[in-house]
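Trainee: I've got this one open and I'd like to go through the labels. Can you take me through the reasoning behind them?

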Amino acid sequence: MNDKLLDKVKHRNKAYRGWKQGQVAWKEYRKTVQAAREQVRKAKALTELNLSRDVKGTKKSFYRYVSDKRKTRENVVPLWKETGDLITWDMEKAEVLNNFFASVFKTSAPATLPKLQTAKAGTGRMKNCPL
């Protein structure tokens, strides 16, 4: 991140505070946000292009960037069981979430399913079909 981009991001944050306090118009704030977003995207694309182009010379920086992208930083918060117990272990959390999703997406067949009728050979029409 260079100084010019850092100034743009700071200006965006300042515009946000001004908009929240009613000192900056919405259109001006949005214009500032879009300009900052565009420059951040360009800088990110340029960085990735440089990393991919120079991968033979600087493998360490390339793989550091890739590994930073692969890391998951969010943890699942403690969950409550149906019995009211607090779950903190990862395996127990996985079991609770699995049971919940299995109960939500469980398909239960209704007792009265319509019966499928077979087509007559050669006619392409169903038996007992009113059409």
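Mentor: Sure. There are four helices and two strands in the protein, and from the N terminus on they run α-α-α-β-β-α. Keep in mind that this is a predicted model.

Trainee: What makes H2 oblique to H3?

Mentor: Helix H2 (residues 26–53) and helix H3 (residues 59–70) pack at an angle of about 130°, with 9 Å between their axes. Angles over 145 degrees count as roughly antiparallel and 65 to 115 as roughly perpendicular. The angle of about 130° fits neither class, so H2 is called oblique to H3.

Trainee: Which residues meet where H2 and H3 pack?

Mentor: On the H2 side they are Lys44, Glu48 and Leu51, and they meet Ser61, Phe62, Tyr65 and Lys69 of H3.

Trainee: Staying with H2, why is Thr32 called buried?

Mentor: Thr32, which is found in helix H2, has a relative accessible area of 11%. Buried means under 20%, so Thr32 gets that label. Leaving out residues up to four places away in sequence, Thr32 touches His11, Arg12 and Ala15.

Trainee: And Gln34, why does that count as partly exposed?

Mentor: Gln34 also lies in helix H2, but its relative accessibility is 45%. Buried would need a value under 20% and exposed one over 50%, so Gln34 counts as partly exposed. From Gln34 to Arg12 is 22 residues in sequence and 9.1 Å in space, C-alpha to C-alpha.

Trainee: How much of the protein counts as buried?

Mentor: That's 9% of the 131 residues. The protein exposes about 12,200 Å², and carbon and sulfur atoms supply 56% of that.

Trainee: What share of the contacts with a separation of 6 or more comes from residues 24 or more positions apart?

Mentor: Those pairs account for 16%.

Trainee: Now the surface. Which residues form the nonpolar patch?

Mentor: Val76, Leu97, Phe100, Phe101, Val104 and Phe105, with about 590 Å² of accessible area together.

Trainee: Take Phe101 from that patch: why is Phe101 partly exposed?

Mentor: Phe101 lies in helix H4 (residues 90–104), and its relative accessible area is 44%. That value sits between the 20% and 50% limits, so partly exposed is the right term for Phe101.

Trainee: How do you know that 44% is enough for Phe101 to be in a patch?

Mentor: Patches are made of residues with over 30% relative accessible area. Phe101 has 44%, so it passes that cut-off.

Notes: Residues numbered from 1 in each chain as written. Predicted model: local features only at pLDDT ≥ 70, side-chain atom pairs only at ≥ 80, totals over all residues. Heavy atoms only, no water. Patch = residues over 30% accessible without salt bridge, like charges linked within 9 Å, V, L, I, M, F, W, Y side chains within 5 Å. Areas by Shrake-Rupley, 256 points an atom, 1.4 Å probe, with all protein chains shown as cover. Salt bridge = Lys/Arg side-chain N within 4 Å of Asp/Glu carboxyl O. Buried < 20%, exposed > 50% of the residue type's maximum accessible area, 1.4 Å probe, protein only. Contact = heavy atoms within 4.5 Å. Axes fitted to C-alpha atoms, helices over the stretch in contact; angles between N-to-C directions. Parallel < 35°, antiparallel > 145°, perpendicular 65-115°, else oblique.
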